[in-house]
Each structure stands twice: as structure tokens, then as C-alpha cells.
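Visitor: I'd like to learn how to read a model like this one, feature by feature. Could you walk me through it?

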Amino acid sequence: MRKSWDEYFMEITEMVATRSTCDRAFVGCVLVNSDNRIISTGYNGSVTGNPHCDEVGHTMRDGHCIATIHAEMNALLYCAKEGISVKGAKAYVTHFPCLNCTKALIQAGICAIYYHEAYRVDDYAMELLNKNNILLKQI
């Protein structure tokens, strides 16, 4: 039986997460346009050209690894760097986005977020998603 688009993209998101270089959370993100075409992928990792957590350890502050750029931000930043619009696109993420990633996805014009794991679901992130009519679905 043929997979649904949501199942297909979530499986790809899981594969993208295997590239993560911060072992605190293996997170992947896939951005998909309205024609069901992948426009970007991202995973947790350090700033380009800098050592990764899996090489030198974590740089911790307030319980978070500050050396890591989140998967959602990496996917959005690639689009920004290459001039690719994400307005009206969908985000598929292995984990519920943190508050900062939620704000970035909304601000960039993402219309829907599909996630697999309900990891640290933030009340204010939920409020923002509701206020901005962003479709949110756990797969």
C-alpha cells in the first residue's frame, strides 16, 4: 500500500535526524512546499566550520547545548541563504519544535507543522500556533 505524504515525509525526517551531531537529541526537519516537493532539510549540528558536539563534547548553558543550531533553524537558514521562499510551506519535524524554533517557523511563513515526538511541548508555543492558525499535527 502506498504511503501517505505525511508518512513519507516523516520517514525522511527520521532519516535526516541521523545526521545530527549533538547526541542530546537527534532531530530532523524537512520543509515541503504546497506541491509536496522538499525545499530544505535540517538537523541538529554546530555552526559550519566549527567542531561538533560528537567530536569535542557539549557547550552547556542553562541545561541546553548552545553550540547546536536546531534542525528547524538549519532548514530555514538554508532557505534564507539560497533565497528559497518558505511562505505557505509545511514543516515535518521529529520532535515538537522548541519555543524559538516555533517562533521562527511562524515568522518565516510556515503554514503547518507535523511532528512525531511530543518533546518538551511549550505552552506559549502552543498559544502562538493557535493564535496564528498554524495547523499542528502529531504523526
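What follows is a talk through the annotated site, the cores, a helix, a strand pair and the salt bridges.

Guide: One thing before we start: this is a predicted model.

Visitor: Fine. Let's begin with annotation. Which residue does UniProt list for "active site"?

Guide: The unreviewed UniProt entry lists E72. Treat that with some care, as annotations may be inferred rather than shown by experiment. In the model, E72 sits in helix 3.

Visitor: Is E72 buried or exposed?

Guide: The cut-off for buried is under 20% relative accessible area. E72 comes in at 3%, so it is buried. Leaving out residues up to four places away in sequence, E72 touches C29, V93, H95, P97, C98, C101 and L105.

Visitor: C101 and L105 are both in that list. What does helix 4 do with its buried residues?

Guide: First, who they are: C101, T102, A104, L105 and I106 are the buried residues of helix 4, which spans residues 99-108. They pack against strand 1, helix 3, strand 7, strand 8 and helix 5. Just after the helix comes G109, with a positive phi near 105 degrees.

Visitor: Now the nonpolar core. Which residues touch the most other members?

Guide: The largest core has 24 residues, and the best-connected ones are L31, V86, A91, L105, I110 and I113. Strand 1, helix 3, strand 7, helix 4, strand 8 and helix 5 each give two or more residues to this core. Helix 3 gives the most, with four. For a close-up, take V86: beyond four places in sequence, V86 touches L31, I39, L76, C79, A108, G109 and I110. A separate core of eight residues lies apart from this one, with F9, M10, V16 and Y92 among them.

Visitor: What about a loop residue such as N44? Where does N44 sit, and is N44 buried or exposed?

Guide: N44 is in the loop between strand 2 (38-43) and strand 3 (45-46). A loop position doesn't settle the matter, so look at the accessibility: 6%, which makes N44 buried. Beyond its neighbours within four places, N44 is in contact with residues including S20, T21, C22, T68 and H70.

Visitor: And strands? In what sense do strand 8 and strand 9 pair?

Guide: They pair in the parallel sense, over four bridges. To find the register, use Y115, which stands opposite Q138 in strand 9. Then follow the connection: strand 8, helix 5 and strand 9 make a right-handed β-α-β unit.

Visitor: Last topic. How many salt bridges does the count come to?

Guide: Three. With each, check the distance, then the exposure of both partners. E11 pairs with K3, the closest N and O atoms being 2.7 Å apart. E11 is partly exposed at 45%, and K3 is partly exposed at 45% too.

Visitor: Which bridge links distant parts of the chain?

Guide: That's D6 with K137, at 3.8 Å from N to O. D6 is in helix 1 and K137 in strand 9, 131 residues apart. D6 is buried at 18%, whereas K137 is partly exposed at 41%.

Visitor: And what separates E127 and K131?

Guide: About one helical turn, because they are four residues apart in helix 5. Their side chains meet in a salt bridge at 3.0 Å, N to O. E127 is partly exposed at 35%, while K131 is exposed at 58%.

Conventions:
Residues numbered from 1 in each chain as written. Predicted model: local features only at pLDDT ≥ 70, side-chain atom pairs only at ≥ 80, totals over all residues. Heavy atoms only, no water. Buried < 20%, exposed > 50% of the residue type's maximum accessible area, 1.4 Å probe, protein only. Contact = heavy atoms within 4.5 Å. Core = buried A, V, L, I, M, F, W, Y, C linked by side-chain atoms within 4.5 Å. Pairing = 2+ DSSP bridges. Right-handed = clockwise from strand over helix to strand, strands pointing away. Salt bridge = Lys/Arg side-chain N within 4 Å of Asp/Glu carboxyl O.
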